[in-house]
Structures are given as structure tokens and as C-alpha cells.
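Me: Please give me a close look at one part of this structure, and describe what surrounds it. I am new to it, so explain each term as you go.

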Amino acid sequence: MAGKKLGKRAMLLGAIAQSIPDIDFIASFWLHPSENLLAHRGFTHSILFLLISTPFIAMLAERWHRPHNIRLKRWMVFFGLQGLIHLFIDGMNVYGVGWLEPFHHHRFAFNWIFVADPFFSFWPGLALLVLLILKRKDHRRPWWRRFGIGMSAIYLLYCGLNKAKIDSDTREIFSQQDIRWNDYFTTPTPLNNWLWYVVAATDSGYYIGYRSLFDRQRTIDFHYVARNQQLLEPVKDHEDLQKLIRFSKGFYSVANRNDTLVFSDLRFGEMIGWRDKGAPFVFYYYLRHPDDNQFLVQRGRFARWDRSAFQSLIRRIRGQ
């Protein structure tokens, strides 16, 4: 959109623009952990914020870039598109994004892709490196631009088809195994789009299992996790708890661990759950020790990972 007039600086400006919605990380320095969960990917990831910030950033860029060979309207389209892409991709993973904030608090999460998928990121990353090396007037540049964007877009569409297949198989297996569910979700396991994490909610708990696109048998080896909602009775009016329940979209489990009550959000998966049935959940919150709840989403994401864990993931992806 701006490469002919900005040259390689267009990629730098695009990267900065793509990162603007994530300025909400600053709030983590003063917000309580439970509040920060809802602040992240909240208002700064909303359509309203995009509409407000785009003209402002475009005017700054127009004043900065001299001579004025790019119109203000062009800058607005350039920065607006970067923001839309960011909001769209964030909606494709399980964390969710508040597109309608502050008017509506619903989090949009389509669960097509894991938050860090190297098969999605590789193509634009490769194109970026090549474009940094090629000279500005090299005739191969347009092909590499299309390659980087096109391959990642094709892969994302492929992920959507995988999601549709897994959901169809899962509903059929629920019926075959006589699992009566109120709600369910499927989401990819770490770093791939072939092994999926499946959770079916019932009145009192959840059936949890894993399904690979390469599984031959039409079954899922589920294990059951109780919600244990009765354990929340002593803290049911705590503001922290209400925020956590809202954030989890109702997919949560509670357990006593040592001297504290632990709230787990099931959406983020289990620690190597495809190998260790009933493993602890990635996301856990200490209800009675709130000061110990830093890096909530990240601290358990790759806990217990080693060479054997990675090898077990590969085997399970292959349907073994």
C-alpha cells in the first residue's frame, strides 16, 4: 500500500501500527491480575478504539512524512487496515477479543488457531526477510509480498476447515458415546492445527479429551473433571471471582490445593494433557492469595515441556 513511496520503512510502520492495540499491556503495571485479564484485548481491541486512533495516527504520520506525497486518506486506509488485521487475527484464538467494547462485553473467540502457530507465522516472516534484502526496485518484490500474505491467509482458511471437521466429528462422537452436554468448545493444542483439545460442559463438570485429524477411530478418550462450584460458596461475593467467571465464559473448575482455593480456566488447556490424563490446567488463579497471580496466562503454557513432551505431541498428532 505504501512501499513505492515509503520503501522499506512501510514494513516498520506497518509493524508499529499492528502493535498499537497491544498498548493495553501498560495497564498490567497497576491493575489487579483479575482486572487485567479483562482489560487485555478489551477496549484497545475494539472497533471504537480503531475508529478513534486511526485518524490520529494518520495525521501524525502525514505530518512526519515529508514531502507530502501520501495523502491523509491513504494514511488512514493504511493504518486502519493494520488495526483491522490485528483485531481479526486475535479473534481467531481462544483468549478472545472485545470488538464491541465498551458497549458490549462479549469476547469473540473462534478458536481456529493456537495463539502461537509457527505454520502461520513462517510465511510472512520469510517474506519480510527477503523484502529487507531485496533492493527497492527489484522486480521480485511484488511476488514476495503476495507470497507472504497469501500463504498465511491460505493457512488460516485451512485452519478454519480443520475446525469445522473437528467440530463435526466431536458432535458425532458425543452422540455415539452418550455424552449429554450443555455446551462445548474445541481449540488447537500448542504450536499446531492438527491435534485439538475438546471440552464438553455438563451440569456438574466437564468431559475433556483430544482429537487429531489423523485419528482413525471415531472415539475420544474422555476424562471427567468436576466443576466443584460448591467450593466457591465462602468467596462467592468476591469481585475477583466474578471477573474470573466472566473471563472463563463459564468453563472453569475449582479445587483445593495445599492451603488455598484454585480457580482454573479450562479454555487454555492442560499441561501436556494429551500425554498425562488429568494434568493440571495451564491457567490457574489462587483465590486466597491474589498477590501470587502474576503472568496468569503464560506461566503454565509450556510448563513440564521437555524433549519427551514434544515427542509425545508429535506422536499424538499422528494419531498414535
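Reply: A residue is called buried under 20% relative accessible area, exposed over 50% and partly exposed in between, using a 1.4 Å probe and protein chains only. This is a predicted model, in which local features need pLDDT of at least 70 and side-chain atom pairs count only at pLDDT 80 or more, while totals for chains, interfaces and linings use all residues. Residues are numbered from 1 along each chain as its sequence is written, and side-chain values use heavy atoms, leaving out hydrogens and water.

The part to look at is the sheet, where 4 strands (DSSP runs of E, at least two residues, numbered from the N terminus, as are helices, runs of H or I of at least four) lie in the order β1-β2-β3-β4 with antiparallel pairing, forming an open sheet; pairing requires at least two DSSP bridges between two strands. Because β1 (183-188) and β4 (223-226) stand at the edges with a single partner strand each, one side of each has no neighbour in the sheet. Between β3 (residues 205-212) and β4 there are 4 bridges, and Tyr206 stands opposite Val225 in β4.

Two helices lie across the strands, with contact meaning heavy atoms within 4.5 Å and angles running from 0 to 180 degrees between N-to-C directions of axes fitted to C-alpha atoms, for helices over the stretch in contact. Helix α7 (residues 141-176) crosses β1, β2 (195-201) and β3, at about 140° to β1, whereas helix α9 (residues 307-317) crosses β2 and β3, at about 80° to β3. Helix α9 holds Arg316, which counts as buried because its relative accessibility is 15%. Beyond neighbours within four places in sequence, Arg316 is in contact with residues including Leu195, Tyr210 and Trp274.
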